[in-house]
Structure formats: structure tokens, C-alpha cells
Amino acid sequence: MAPSATIGALLPLPVMVYDAFTGQLGANPLQRAEQQTGLLSLTLILLSLACTPLRLLASRLGTRLLWPARVRKTLGLTGALYALIHLGIYLLDRGPGLLDFLQDALKRPYITVGLTAFLLLIPLVLTSRKDSVRKMGFVRWQRLHRLTYLVGALGVLHYWWSVKEDHTPPLIAAGILLVLFALRFVKKRSR
Amino acid sequence: ALPRKIYQGPYDTREPVSAIEDITGYNNYYEFGTGKSDPARNAGRLKTRPWSVVIDGMVKKPQTVDIDTLQGWFPLEDRLYRMRCVEGWSLVIPWMGFPLAALLRRIEPTSKARYVKFTALADPKQMPGVKAGILDWPYVEGLRLDEAMHPLTLLAVGLDGKILPNQNGAPLRLVVPWKYGFKNIKAITRITLTDKQPATTWSLIAPHEYGFYANVNPEVDHPRWSQATERRIGELSRRPTLPFNGYAEEVAHLYKGMDLRRYF
């Protein structure tokens, strides 16, 4: 299960590279690649957040699902990878000038929010190894990894602020995130 | 193929013309969808003949005129202009059309007229974006009368020596090269002279982001992004954006004494 999730999550990358070299990313290829990697990142992070609710829902219906827990890490890590590529393309697009970038990051809320989400992903990636849970203790590890919700929320806000007018796609993402977050509480109460 | 026209008129930029596939394939035209390739995909179904343009308001000669009659009134000129989108990209476009000033002189604005208001077609049957909502239709734009009379201000009916493709605003679109692209209203059905500043589409949707003037200005950022640089479509690195999109010499005097941060 996990290998197929890895392949599925990474498949858009070679497709994008192929598109880039054959001119199929359109007239503004950097912007297109930036938008695609951003959307992929957010999608994968939302999918990783769906794993636990899905397992719990299944168990309430009497089915024991093992695969959601197994692919969760893959989804989270590939989501972080796309975030890294997304940030890389943004920096490439801006051109050199670290100072300008920092100024932009402070001055423009949607950059601030996006960069914060990315920085919050770093501790999550660093504690994604199997032995991290053991080293940290499950409770502390779990508490840290609840940050994923914050990352998702910041990601949605970043998406919202970056579109010019049609807010339907970020609204859909926000709706999914809210449902996933709500499912957490439903589960707690019913236990 | 015919050799490309040589653009050496006083108003032509000497910069290389953008690829025609980009000019006709990368468009913002929300009547046909919000994606950049939606207009090229969806605008083909628009019926641009017969087409009439209503000219009304504070003019001595109000009338409804057929597009072919209208464009027959004036000699068509080729103009190679830069086009800077508010989103931070730009193209160099070989328009064909006639100065708006020529039309205005013909219809004779009254002494009370101060602004020109343009209204676009909004037909849900032909325009999927209109059917879907998105903006408040019809799309409305406007110019101050002196801006409208400026020799750079063009009503375009053609592109690259041929009839204007639908996705570029056929049969009649405004081109004001020193302003952000959204001022260049497409598929014009009505031109109204008025004494009040028209409420324009984008400035109604997000008044803190899009103003009436919308002059290209690298020093006044969009609230969410910088306007200091732009990507010329087809180039990898960004280039600095020029005040009034490089037309400062021709138009800066129109805004003398105005606070361009306030009147963005």
C-alpha cells in the first residue's frame, strides 16, 4: 500500500518535468508549476489528515482498516516535498535577493502565512522516522503532529489570499479541512 | 506567410512582438472562464456579427451603429503596444484599430461630459463565465475624458493585421497601454459619455485592490503583491516594471499634481 501511495504522490513530478520540456506548462510555465506544486502540497497534506478519521469511521462501522495509517506518513512527506518545490519555484521566480525575499515575507500576509506553514512542516518531517515516536513518547509526538492541522489551515489561507477572484477552490479546501477537524471531536465524544 | 509588419510609428514600441500563440492563448477574460486558456477554448462560440454598439449619454450625436459601419469610419492603424497585467506579467501586442479620440470627435461629447463609460456584452447563452456568476456582469470600465482623448488610447478591431480573435475581445475592445490590462474592456456594446466617474467592475469587487485609474506604477504595490517587476511572457527572469508601463513621457502630464498612491 505505502509504495503505491509513494508512486501515486510522486507521479505528477515527472509529468510536470515532461510538460516543462515540451512547452505544455503554457505561456507562463514557472507560475503554472508554482500553482500545481502548491495545490499538490495542500491536497496531500489534507489527505494525510483524512487518514485517521477514515480509520476511525471504518472501525465504527465494524471494519478494521490498516492501510490509512500506513500511507499517512507517505502523504505527509510528499506533501512537504511539494511545499519545498513550491517555495523553490517561488524563489526562482523572484530572482536573487534574500533581503528582498525576507522583506516580502514580512510585508505580504499571504507569503508570511505560506512561509510559516512551510517552517512548521520542518519539525514534522524531522520527527517522521519510525523511531521518533519511541524517542519522543507517543503523547508528545502526537501533540507535535497535531500541528498538521495548523499547517493545513495556513495553507488554505495562503491559497485563499493568492487567488484574484474565484475563491471556489480554496473554499472547497477549507470545507474539507473543517470536516476533518470536526471529525476529530465527534470521535472523542463518542468514545 | 506575409512578412510581419514593421512597427516604426511614433507610438510603437521597438521591443520584439510576443508570440501570437501566447497573445491568443494566455488571456484573462472572465466571461469565458477564469483560467488563462479558458477564453481560447470557449470564446469561439461568440457571435460577433451582426454586432451593434450603442453610443449615448452626453453626446450631440447619440446613435446605435453596426460594428462594420463604425470601423469603416476611420482608417485602421497598426500599433505595437506593451500590455501589463495587474497580476505581474506582460506581452507586446500588435493591435490594429483606431484612436478612441477619432470616434469621440465624431459623436461630439457635450460640454458637460467628463468621463467615458464602456459596457461589455454579458450573454449567459454565449458566455459560460457570465452564466457561472464570478463577477457582477456586465463588465464595465471607464476613462476620464482627457485619457480617452489621448492619442495612445485605441479601440482595437484587429490583431497582427487580421481580424481580432474572439478571446482577445472581438469585435471591439479598448486598449489603454499605460494602464493595467483589466482596463482594456472587451466585446464593447455600449459607449456612454457621462459627467460622473463610472463605477468600474474590479473597483467595485475589491476597491482597496483595484482603483479607477489603474495606471501601471511600480511604486504602488497591489495590497497582496509587488508591482515592481513583471514577467514578459516567454522570458524566464522578471524585468523591472516601468512607470506608466513605459509611456510616462506621453501620459504623465495627465496626472500632474495627483497623489498616485491615493488615485491608484
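In strand β4 of chain B, Trp95(B) is the bridge partner of Arg79(B). The model is a predicted one, and this report starts from that pair and then moves outward.

**The strands around β4(B)**

Arg79(B) lies on the side of strand β3 (residues 77-84) of chain B, which pairs with β4(B) in the antiparallel sense over eight bridges. The two strands form a hairpin with four residues between them. Within that turn, Gly88(B) has a positive phi of about 105 degrees.

Trp95(B) also has a bridge partner in β7(B), namely Leu159(B). Another residue of the sheet pairing, Trp89(B), stands opposite Arg231(B) in β11(B). The table lists the strands that pair with β4(B).

| Strand paired with β4(B) | Sense | Bridges |
|---|---|---|
| β3(B) | antiparallel | eight |
| β7(B) | antiparallel | five |
| β11(B), residues 229-232 | parallel | two |

How many residues of β4(B) are buried? The strand is mostly covered, with 10 of its 11 residues buried.

**Helix α4(B)**

Helix α4 of chain B spans residues 100-107, and Leu100(B), Leu103(B) and Leu104(B) in this helix are buried. Seen down the axis of α4(B), the buried residues fall within an arc of 100 degrees, so they line one face of the helix. The general reason is that an α-helix has 3.6 residues a turn, so residues three or four places apart point the same way.

What do the buried residues of α4(B) pack against? They pack against β4 (89-99), α6 (145-149) and β7 (154-159) of chain B. Just after the helix, Glu108(B) takes a positive phi of about 55 degrees.

**Chain A and its contact with chain B**

Chain A has 10 helices and zero strands. Its radius of gyration is 18 Å, close to the 16 Å that the globule rule gives for 191 residues, so chain A is as compact as a globular protein of that length. The C-alpha atoms of chain A fill a box of roughly 50 × 35 × 35 Å along the principal axes.

Of the 191 residues in chain A, 26% are buried. Among contacts in this chain between residues at least 6 apart in sequence, 70% join residues at least 24 apart.

The two chains also touch: 18 residues of chain B are in contact with 11 residues of chain A. On the chain B side, the residues divide into seven nonpolar, five polar and six charged.

Methods: Residues numbered from 1 in each chain as written. Chains lettered and ligands numbered in written order. Predicted model: local features only at pLDDT ≥ 70, side-chain atom pairs only at ≥ 80, totals over all residues. Buried ≥ 20, exposed ≤ 12 C-beta atoms within 10 Å, placed from the backbone. Arc of directions from axis to C-beta. Contact = placed C-beta atoms within 7 Å. Pairing = 2+ DSSP bridges. Nonpolar A, V, L, I, M, F, W, Y, C, P; charged D, E, K, R; others polar. Rg over C-alpha atoms; globule rule 2.2 N^0.38 Å.
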